[in-house]
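Visitor: Pick one part of this model and take me through it closely. Keep the sentences short.

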Amino acid sequence: MVEKSWVLIVLVVFIMHGDESLASDPDPIQDFCIPNPKFGAIKTAHLSILPCKNSSEATTDDFVFTGLKSSGNFTDTGLATFPVNPTIFPGINTLGISFVRADLKVGGINPPHFHPRATEIAYVVQGSVYSGFVDSNNRVFSRVIEQGEVMVFPKGLLHFQMNVGEKPATMFACLNSQNPGLQKIPSAIFGSGINEELLEKAFGLNHKQIGTMRRRFDPKTVN
């Protein structure tokens, strides 16, 4: 089943890059750019540029990644993610893509979040996952997607997943940026140090309730 999922992911990558003008990342200026481990990354506002090694030194192994055969470590929300970017998979450097394996325990959730620099398309390898996103008019587009089905989450829009099946679920997702960014809504609101009075007025919560939320989403907070 995993092999079939990769065929779909490859097709998705080509579809998403049919018009490179729609991509967030700059166009490549060579066939590929395998990072040279002898040099450090050059950081820009949204991207870490990894200097290329000579193309003659590239090998087939640079374009193969075998690290997604098992899940990552699970969080207390029942989610395990294994994100893949050029740092651990050199072959995708400068190609404007990244991808992730996500596993959900029964009842597990991927809390509301968004990627500011990428559209995401997610494929269900196994399980039944309630998935959706919210547009800029606060309209929710959601449904349960089953094994073999795909859902797309437009760039910059809040989206979420929850395993509603009776067995663990696995998804593979591809994003059209090698640095899509990730903003988790609960952590951004209660774990970022936003003024407490503002939060009380915005959410109708009292000081004690705000403190509870901050302790949950910002381990550095002690009240």
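**A strand pair and its surroundings**

Guide: Start with β6 and β9, which pair in the antiparallel sense over four bridges. Two strands count as paired if DSSP finds at least two bridges between them. The strands themselves are DSSP runs (E, at least two residues), and helices are runs too (H or I, at least four residues), numbered from the N terminus. The model is predicted, so local features need pLDDT of at least 70 and side-chain atom pairs count only at pLDDT 80 or more, while totals for chains, interfaces and linings use all residues. Residues are numbered from 1 along each chain as its sequence is written, and side-chain values use heavy atoms, with hydrogens and water left out.

Now look at one bridge. A122 has M151 in β9 as its bridge partner.

Next, follow the side chains along β9. They alternate. M151 and F153 point to one face and are buried. V150 and V152 point to the other face and are not buried. Buried means under 20% relative accessible area, exposed means over 50%, and partly exposed lies in between (1.4 Å probe, protein chains only).

The buried side chains lead to the largest nonpolar core, which has 14 residues. Such a core is a set of buried Ala, Val, Leu, Ile, Met, Phe, Trp, Tyr and Cys residues joined through side-chain atoms within 4.5 Å. A122, M151 and F153 are among those with the most contacts inside it, and so are L104 and I145. Strands β4 (98–104), β6 (120–126), β7 (128–134), β9 (150–153) and β11 (169–175) each supply at least two residues of this core. A second, separate core of nine residues includes L68, V84, F89 and I97. In soluble globular proteins, nonpolar side chains tend to be buried together.

Stay with F153. Beyond its neighbours within four places in sequence, F153 is in contact (heavy atoms within 4.5 Å) with residues including T119, A122, F133 and H159. H159 is itself the bridge partner, in β10, of H113. That bridge belongs to a longer arrangement. Three bridges join β5 (109–114) to β10 (158–163), and these strands run antiparallel. Both sit in an open sheet of five strands, in the order β8-β7-β10-β5-β12. Its edge strands are β8 (140–146) and β12 (183–184), and each pairs on one side only.
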